[in-house]
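Trainee: Please take a close look at the place where the ligand sits. I would like one connected account of its surroundings.

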Amino acid sequence: MRTVLYLKAANQADAEAEFDALTHLPSEHGFTNVYAGMSREIFMTTGLAQLLNNPTGINLPNGYVPETDFFLWSDDHIVGLFKVRHYLTPALRHGAGHIGYAILPAFRGRGYANQGLALAIQEARQIIHEDEIYLSVHRNNPASLAVQLKNGAVIAGENGEEYFTRIKL
Ligand SMILES: CC(C)(COP(=O)(O)OP(=O)(O)OC[C@H]1O[C@@H](n2cnc3c(N)ncnc32)[C@H](O)[C@@H]1OP(=O)(O)O)[C@@H](O)C(=O)NCCC(=O)NCCS
């Protein structure tokens with residue numbers, strides 16, 4: 001049977017599944033997961049509240065903009081995370097950009113990032129009031145570059161470490 005992939009914004013009702021996914025998602029290739037390694041107790045008492053506050057901008061660390069964290073679900077389990085930042089600061093414009101994402105290691109190589117980014121772009125249309133989505137990718141991350149190009153990205157710049165890409169909204 002074909003699996004159904006969909007995005008769901010972080011929410012209280014899915015706290016257990018969200019905790020389980022976040023603790024299996026390492027920070028790598030510029031994707032950062034502040035919840036990796038967090039104990040269940042800390043997540044349930046403070047981490048989850050922060051996750052739910054991210055879209056509102058409440059209690060964000062200095063320099064952070066509001067962001068909606070969408071989990072990518074395959075049927076009844078989480079397979080990835082797509083973070084949609086609502087607007088750019090100069091640092092984001094010349095760096096990480098609007099969308100950060102990762103697929104849980106156990107579910108990579110199945111096309112989930114390709115499909116998840118397509119879904120995240122649809123969500124971004126409701127959130128981001130710009131003509132283009134900015135993204136970046138480390139030069140040593142060809143899988144992620146492939147995902148972005150497949151979703152219509154063009155390379156708008158580069159430096160020794162990264163490509164800076166854009167997708168028209
Ligand atoms: C990068 C990442 C999101 C890819 O997720 P994924 O679900 O495995 O990716 P998909 O299966 O959707 O597609 C990967 C694409 O990259 C291609 N690919 C995989 N490894 C590759 C490689 N070494 N060189 C070139 N292309 C590669 C695949 O063929 C596929 O392209 P296709 O659709 O044209 O066949 C995942 O590896 C990950 O979470 N990495 C850690 C965090 C990260 O890097 N986030 C992105 C930061 S910019």
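Mentor: In this predicted model, the ligand sits in the largest pocket. Three elements each give two or more residues to the shell around the ligand: the strand β4 (99-103) and the helices α4 (112-127) and α5 (142-150). Of these, α5 gives the most, with 6 residues.

The shell holds 20 residues, and those that come nearest to the ligand are Y101, G109, G111, N114 and N141. By residue class, the shell divides into 9 nonpolar, 7 polar and 4 charged residues.

Next, the polar contacts. N114, already named among the nearest residues, has an N or O atom in its side chain that is 2.7 Å from an oxygen atom of the ligand. The side chain of K150 also offers an N or O atom, here 2.9 Å from a ligand oxygen. At A143 the partner is a polar backbone atom, with a ligand oxygen 3.3 Å away. As for cover, the ligand on its own has 970 Å² of accessible area, and the protein covers 69% of that.

The record adds an annotation for this chain. UniProt, in an unreviewed entry, places the feature "domain: N-acetyltransferase" at residues 17-169. In the model, that span is 32% helix and 27% strand, and its end C-alpha atoms lie 31 Å apart.

Note on methods. Residues are numbered from 1 along each chain as its sequence is written. This is a predicted model: local features need pLDDT of at least 70, side-chain atom pairs count only at pLDDT 80 or more; totals for chains, interfaces and linings use all residues. Side-chain values use heavy atoms; hydrogens and water are left out. A residue is near a molecule or strand if one of its heavy atoms lies within 4 Å of it. A polar contact is a pair of N or O atoms within 3.5 Å; within protein, one must be able to donate a hydrogen and the other to accept it, and residues adjacent in sequence count only if both atoms are side-chain atoms. Accessible areas come from the Shrake-Rupley method with a 1.4 Å probe; for residues, only the protein chains shown count as cover. On a 1 Å grid over the protein atoms alone, a cavity is a set of points where a 1.4 Å probe fits but cannot get out, and a pocket is an open set with protein on both sides within 12 Å along at least five of seven lines; lining residues have an atom within 4 Å of a point. A molecule sits in a cavity or pocket if more than half of its atoms lie within 2 Å of its grid points. Helices (H or I, at least four residues) and strands (E, at least two) are DSSP runs, numbered from the N terminus. Ala, Val, Leu, Ile, Met, Phe, Trp, Tyr, Cys and Pro count as nonpolar, Asp, Glu, Lys and Arg as charged, and the others, Gly among them, as polar. UniProt positions are given in the numbering used here, feature names are shortened, and annotations may be inferred rather than shown by experiment.
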